[in-house]
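Me: I should like to learn how to read the features of a protein model, one at a time. Please give the general idea first and then the case at hand.

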Amino acid sequence: MTTPKGISIVAVYADDFATARAFYEGVLGLKVASEMGANACLFTMGEGTTPSLYLEGGHAPAHGGARSCRASFAFEVDSTGEFHRLLVASGREVLHPAPQPMGGDVHWFLFRDPAGNVLEATGPA
């Protein structure tokens with residue numbers, strides 16, 4: 001039986017491509033690996049590692065609260081505290097007042113991208 005070995009690409013669908021791209025590229029610092037037409041691009045995360053993040057605009061905005069049915073993914077970061085402060089300073093909606101402990105030194109929190117997608121961050125405090 002063949003089973004998945006990992007995740008190679010994460011897809012994010014946004015209503016406003018330019019606003020979403022500015023967030024992922026400008027605020028999060030992801031690098032564009034490939035332009036994929038006027039309304040899509042592929043970002044790399046880390047030093048050419050997978051998974052990659054595919055961004056495509058022109059979709060209906062996401063609705064619902066943090067507990068609504070959704071697909072999500074987590075960004076691994078060096079410091080959840082610093083990343084939390086970066087997102088708050090950039091005006092993003094952060095759904096936790098501070099990173100939450102997961103066990104050991106691992107913390108996490110939820111935040112929204114410009115299209116309303118609920119994303120996660122995990123890593124040390």
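Me: Which backbone nitrogen lies 3.0 Å from a polar atom of the side chain of D113?

Reply: This is a predicted model, and every distance discussed here is computed from it. The backbone nitrogen in question belongs to A115. D113 itself sits in the loop between β7 (106-112) and β8 (118-124). A second polar partner is the side chain of Y24, at 2.7 Å from the side chain of D113.

Me: How far is D113 from the nearest side chain of opposite charge?

Reply: A salt bridge requires a side-chain nitrogen of Lys or Arg within 4 Å of a carboxyl oxygen of Asp or Glu. For D113 the nearest candidate is R92, at 6.3 Å, and D113 has no salt bridge although it is buried. R92 nevertheless appears among the contacts of D113, together with V12, F23, Y24 and L119, once neighbours within four places in sequence are set aside.

Me: How many salt bridges does the model contain by this rule?

Reply: The count comes to 3 salt bridges. In one of them, E25 is joined to R21, with the closest N and O atoms 3.0 Å apart. Both residues belong to helix α1 (residues 17-27) and are 4 residues apart, about one turn of the helix. R21 also meets E35 in a salt bridge of 2.8 Å, N to O. That pair links distant parts of the chain, since R21 is in helix α1 and E35 in strand β2 (residues 31-35), 14 residues apart. R21, E25 and E35 are thus linked in a network of salt bridges.

Me: Is R21 buried or exposed?

Reply: Burial is read from the relative accessible area, and a residue counts as buried under 20%. R21 has 19% and is therefore buried. Its two partners are partly exposed: E25 has a relative accessible area of 33%, and E35 has 48%.

Me: Which residue forms a salt bridge with R112?

Reply: The partner is E93, and the closest N and O atoms are 3.0 Å apart. E93 lies in the loop between α2 and β6 while R112 is in strand β7, so the pair ties together parts that are 19 residues apart in sequence. R112 is buried, with a relative accessible area of 13%, whereas E93 is partly exposed at 41%.

Me: What is the order of the strands in the open sheet of 4 strands?

Reply: Strands of a sheet pair through backbone hydrogen bonds, either parallel or antiparallel. Here the order is β5-β8-β7-β6, with mixed pairing. The edge strands, each pairing on one side only, are β5 (74-76) and β6 (100-103). From one strand to the next the twist averages 30°. β6 and β7 run antiparallel and are joined by 3 bridges; P101 has H107 in β7 as its bridge partner. Helix α2 (residues 80-89) packs on this sheet, touching β7 and β8, and its direction makes about 15° with that of β7.

Me: Why does S52 count as buried?

Reply: The same 20% limit applies. S52 has a relative accessibility of 10% and therefore counts as buried. S52 is placed in strand β4 (residues 49-56). Not counting residues up to four places away in sequence, S52 touches S8, I9, V10, L42, F43 and M45.

Terms used:
Residues are numbered from 1 along each chain as its sequence is written. This is a predicted model: local features need pLDDT of at least 70, side-chain atom pairs count only at pLDDT 80 or more; totals for chains, interfaces and linings use all residues. Side-chain values use heavy atoms; hydrogens and water are left out. Helices (H or I, at least four residues) and strands (E, at least two) are DSSP runs, numbered from the N terminus. Buried means under 20% relative accessible area, exposed over 50%, partly exposed in between (1.4 Å probe, protein chains only). Contact means heavy atoms within 4.5 Å. Lys and Arg count as positive and Asp and Glu as negative; His and the chain ends are not counted. A polar contact is a pair of N or O atoms within 3.5 Å; within protein, one must be able to donate a hydrogen and the other to accept it, and residues adjacent in sequence count only if both atoms are side-chain atoms. Two strands pair if DSSP finds at least two bridges between them. Axes are lines fitted to C-alpha atoms, for helices over the stretch in contact, and angles run from 0 to 180 degrees between N-to-C directions.
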